[in-house]
Amino acid sequence: MAPEPGAPQRIAFYGLSGHNASERDPIQARTLAQKAKSTKMQDFMLPRHELEKALAVAEEAALDAGTLAMEGWRAGAAISKKGRFDLLTEYDLRSERLIRERLGTSFPSHRIVGEEAEESGAGDLVWYVDPIDGTTNFAHGHFFFAVSIALYHGDEGLVGAVCAPALGVLWKAMRGGGAFRNEEPCEVSTRSRLDEAVCATGFPYDRWSNPDNNHAELALFLERVRGVRRCGAAAIDLCLVADGTYDFYWEKALSAWDMCAGALIVQEAGGLLSGYLGEDPDPRSGKLVASNGLVHDAALKTIGEARHTLPFDGS
């Protein structure tokens, strides 16, 4: 799990003040951040033909890695432990080797950051690779696992592909090119009321010892939304926001490879991303709120209220 960067100053949510609270609200914070990001992004953009090539390579690699993973799904793949609850299978390793070989051959000047092997390469263009997102699901024969591949420049997504082979679904996106689910354009939902929303989340592997374990947020959302789902694969959760299945998703304490592809797909499907305080999103930080945009501020308010009850600075 990648460590989170230094947390920003806690922001007051609709009159709720927290430790060292600022008077800025999440809408103002997000608006200012998005203006700064828009200016920054104008300074860098790959030519369209290079984006198209990158997406094609990522898509093919994700599909082939998904096919490889299916060889071991429900077939007694060898399993080991990386932590108390964190599993590793031989197919995580084989999938990542396949993806690294494809990316390294096509883009030798790019960096590759994956879950199961050391970072390789150099430069400002970085591939984030999760060879099997949802390894616990995979190991238990659950359908919700995915291969996730994304190309980023800094905190800006350029292309992303998420293949859920047991579901038979591929989501993909290219910056400025829209989002697609099995080659059909997809868009976020149009539900605008929190009490009509279905959302998703997840929990950290150290939830048994870490008081910042998402329990407070979950308890409050259970009182306010139509339904909460926890399916154990962040990449799929984000893509289900992108295609309108879920209305929002929140989670923290993840890694860049869990979130980067799905985050870009949400953006290209017309969705909205932010940090927990409404700040500029950085999927590499492992902490994200993703939504259809219409319920975003209500979701941030609920998160803020829940985290205000934590026995420490819940920023």
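**Exercise 1.** Which residue in strand 11 does Cys199 stand opposite?

*Solution.* Start with the basis: this is a predicted model, where local features need pLDDT of at least 70, side-chain atom pairs count only at pLDDT 80 or more, and totals for chains, interfaces and linings use all residues. Residues are numbered from 1 along each chain as its sequence is written, and side-chain values use heavy atoms, leaving out hydrogens and water. Now the residue: Cys199 faces Val228 in strand 11. Strands are DSSP runs of E, at least two residues; helices are runs of H or I, at least four; both are numbered from the N terminus. Next, the pairing: strand 10 (residues 198-201) and strand 11 run parallel, joined by 3 bridges. Two strands pair if DSSP finds at least two bridges between them.

**Exercise 2.** Place strand 11 in its sheet, then find a helix that packs there.

*Solution.* Take the order first. The open sheet has 5 strands, 11-10-12-14-13, with mixed pairing. Strand 11 (227-229) and strand 13 (272-274) are at the edges; each has a single partner strand, so one side of each lacks a neighbour in the sheet. From one strand to the next, the twist averages 20°. Helix 5 (residues 215-224) packs on the sheet and touches strand 11 and strand 12 (248-251). Its direction makes about 160° with that of strand 12. Contact means heavy atoms within 4.5 Å. Axes are lines fitted to C-alpha atoms, for helices over the stretch in contact; angles run from 0 to 180 degrees between N-to-C directions.

**Exercise 3.** Is Lys81 buried or exposed?

*Solution.* Locate Lys81 in strand 1 (residues 79-81). Lys81 has a relative accessible area of 61%, so Lys81 is exposed. The cut-offs: buried is under 20%, exposed over 50%, partly exposed in between (1.4 Å probe, protein chains only).
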